[in-house]
Amino acid sequence: MTDRTTPRTVLLRHGRIHSPAVPGATALAVAGDRVTWIGREPAAEDVAATADRIVDLAGALVTPAFTDAHVHITSTGLTLTGLDLAGAGSLAEALARVAGYATAPGHAADAVLLGQGWDAARWPERRPPSRAELDRAAGGRPVYLSRVDAHSALASTALLDRVRGVTRLAGYHADHPLTGAAHHAVRRAAHGTLAPAQRAAAQRAALRHAAALGIGSLHECAGPEISSEEDLVGLLALAASEPGPRVVGYWAELVTNAKDAERVRELGAAGAAGDLFADGSLGSHTAHLHAPYADAATRGTGYLTAEDTAAHLTACTEAGLQAGFHAIGDAAIDAVAAGARAAAARLGAPRLRALRHRVEHAELIGPDAVATFADLGLTASVQPGFDAAWGGPDGMYAERLGPDRAAALNPYASLLRAGVPLALGSDAPVTPLDPWGTVRAAAEHRTPDHRIPWEAAFAAHTRGGWRAIGRDDGGVLEPGAPADYAVWETVEGAQGAEPPRCLRTVVAGRTVYDHAADPLNE
């Protein structure tokens, strides 16, 4: 009889195990929540003799589960279950989708209608709807429509009327998308109308979708300007209580002392990082640049100075708390890098490196900032899907910056050569959850000099996410590693074929997704 305190051993064999520790491995053993053995036939026979269960992989591929290092889970779920404007090919189509959604059954008469993903840069009209057009399409209902980058939004008159003082806030425009403080205030009002059950349903939808894609971990980037404390706490509780991907939460609020740091920990967050905005986005003309945009008379908006970032990094480091920022434009990135150097001068570089502080996006990063990132161990949490969506000589980035500056964006090869730790993500719902597409986008960057090898991109989307949270044991299949893995059906051939299809996702030794036709189902 098996001792009930002994973890159940499962042996997966006759497959292809992606493990740098054992090239050519065909079998994997798991006991409880850990990988215990990796090897080849016929050595698997010895393991099979004592295994509680044996799974014949029938040639399937087994890899570490992916980690998406930057997501917004509730918003992703709302996009999956609600009004998604990402596929709208024109202004007219977007308005038609709004009208159809507004008249669909199931919406309370006074409920705020939430939508995501419009991108006027891709429309033949080359402009977003006017407020009058939006009001007509929505039938006078309150509507909040976030631009694809989530840094500006459209709001109907009925919603704006609910936000006291909005016309006096920075970023308010009577007939143009809202940005800055006005956008954040309207977003809080719109999302604040969600009932707890609605939020939980959206979160479950996003987590299930992620699991079906072979994603085993997600880094939720929350904060007072992007979500709410209630949303983060509820999400972490839900993720801890139900089978699904691991969720690591970040809270984007400046820390100035130990009390601030403790409050971040009390929320359950792993750090005061994620979308702590040093600037905005290129699509919304709010990323902070040293030189003006090519298509607008602005340099964008800098929300944090070098002094601000230095104070945040210093306070977090002294409290033993991971820190981080959102920085896209070169001026914003340079402010973060200058702050990091100032914090290192005060505390010593080893103390900063030990906490693996991180910077989200880091798109228009120059050589000096790359060197600072490498020297101080700052993780670059990047989104290759941005380049796939907006890069290239004819893309939105070239329109915003001109072709020469746009060609400098997202220099993954330079970061990798310098030794900057990379963690890949999607920023979903800005770009979709799509791990294999993300790996491809990094390996097939629209600027050839920025491409990185497929294996390096894969490692950054698996092990890189674990290292970004300070853990070196995960994101790889080797004895002692967490049993977080995905089983894939693949088509033999080149990387240009269809991406592998996920058959099963396992987190901590527990199956969190099974494909409906999966022959491995229990």
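These notebook entries record what I looked up in a predicted model.

**Entry 1. Ala 481**

I began with Ala 481 and located this residue in the loop between α20 (463–468) and β19 (485–489). I then asked whether Ala 481 is buried or exposed. Ala 481 counts as buried because its relative accessibility is 1%, and the cut-off for that class is under 20%. For its surroundings I left aside neighbours within four places in sequence, and I found Ala 481 in contact with Asp 33, Arg 34, Val 35, Asp 473 and Val 476. I also looked up the separation of Ala 481 from His 357. The C-alpha atoms of Ala 481 and His 357 are 23 Å apart in space, and the two residues are 124 apart in sequence.

**Entry 2. Asp 68**

I turned next to Asp 68, which is found in strand β7 (residues 66–71). Which side chain of opposite charge is nearest to Asp 68? I found Arg 358, at 8.0 Å. Asp 68 has no salt bridge, although Asp 68 is buried. The 8.0 Å to Arg 358 is to be read against the salt-bridge cut-off of within 4 Å. I did find a polar contact between the side chains of Asp 68 and Ser 426, at 2.7 Å. Not counting residues up to four places away in sequence, I noted that Asp 68 touches several residues, among them Ile 215, Ser 217, Leu 218 and His 219. The list of residues touched by Asp 68 also includes Leu 424, Gly 425, Asp 427, Leu 433 and His 461.

**Entry 3. Cysteines**

I searched the whole structure for disulfides and found zero. Cys 221 is in no disulfide, and the nearest cysteine sulfur, that of Cys 316, is 15 Å away. I recorded Cys 221 as buried, since its relative accessible area is 1%. Cys 502 is buried as well, with a relative accessible area of 5%.

**Entry 4. Aromatic pairs**

How many aromatic pairs does a search of the whole structure find? I obtained eight. One of them joins Phe 66 and Trp 436 edge-to-face, at 5.1 Å centre to centre and with 85° between the planes. This pair links distant parts of the chain, with Phe 66 in strand β7 and Trp 436 in helix α18 (residues 435–443), 370 residues apart. Both Phe 66 and Trp 436 are buried. I then examined Trp 118 and Trp 123, whose ring centres are 6.3 Å apart; their planes lie at 40°, so the pair is tilted. I classed Trp 118 as buried because its relative accessibility is 3%, and Trp 123 as buried because its value is 2%. I also noted a cluster in which ring pairs link Phe 66, Trp 436, Phe 458 and Trp 488.

**Entry 5. Salt bridges**

My count of salt bridges came to 26. I looked up three of these pairs individually.

I took Arg 97 and Glu 93 to start with; their side chains meet in a salt bridge at 2.9 Å, N to O. Arg 97 and Glu 93 are separated by about one helical turn, because they are four residues apart in helix α3 (residues 91–103). Arg 97 counts as partly exposed at 30% relative accessibility, and Glu 93 counts as partly exposed at 32%.

I then read the pair of Arg 147 and Asp 119, whose side chains meet in a salt bridge at 3.1 Å, N to O. This pair links distant parts of the chain: Arg 147 is in strand β10 (residues 143–147), and Asp 119 is in the loop between β9 (113–118) and α4 (131–138), 28 residues apart. I found Arg 147 buried at 4% relative accessibility and Asp 119 buried at 6% relative accessible area. Which residues are linked with Arg 147 and Asp 119 in a network of salt bridges? I found Arg 122 and Asp 149 in that network.

The remaining pair was Glu 318 and Arg 346, which form a salt bridge with the closest N and O atoms 3.9 Å apart. Glu 318 in helix α10 (residues 306–319) and Arg 346 in helix α11 (residues 330–347) are 28 residues apart, and the pair links distant parts of the chain. I recorded Glu 318 as partly exposed, with a relative accessible area of 45%, whereas Arg 346 is exposed, with 61%.

How values were computed
Residues numbered from 1 in each chain as written. Predicted model: local features only at pLDDT ≥ 70, side-chain atom pairs only at ≥ 80, totals over all residues. Heavy atoms only, no water. Helix = DSSP H or I, 4+ residues; strand = E, 2+ residues; numbered from the N terminus. Buried < 20%, exposed > 50% of the residue type's maximum accessible area, 1.4 Å probe, protein only. Contact = heavy atoms within 4.5 Å. Lys, Arg positive; Asp, Glu negative; His and termini not counted. Polar contact = N/O pair within 3.5 Å; in protein donor to acceptor, adjacent residues only side chain to side chain. Disulfide = S-S within 2.5 Å. Phe/Tyr/Trp six-rings, centres within 6.5 Å; stacked < 30°, edge-to-face > 60°.
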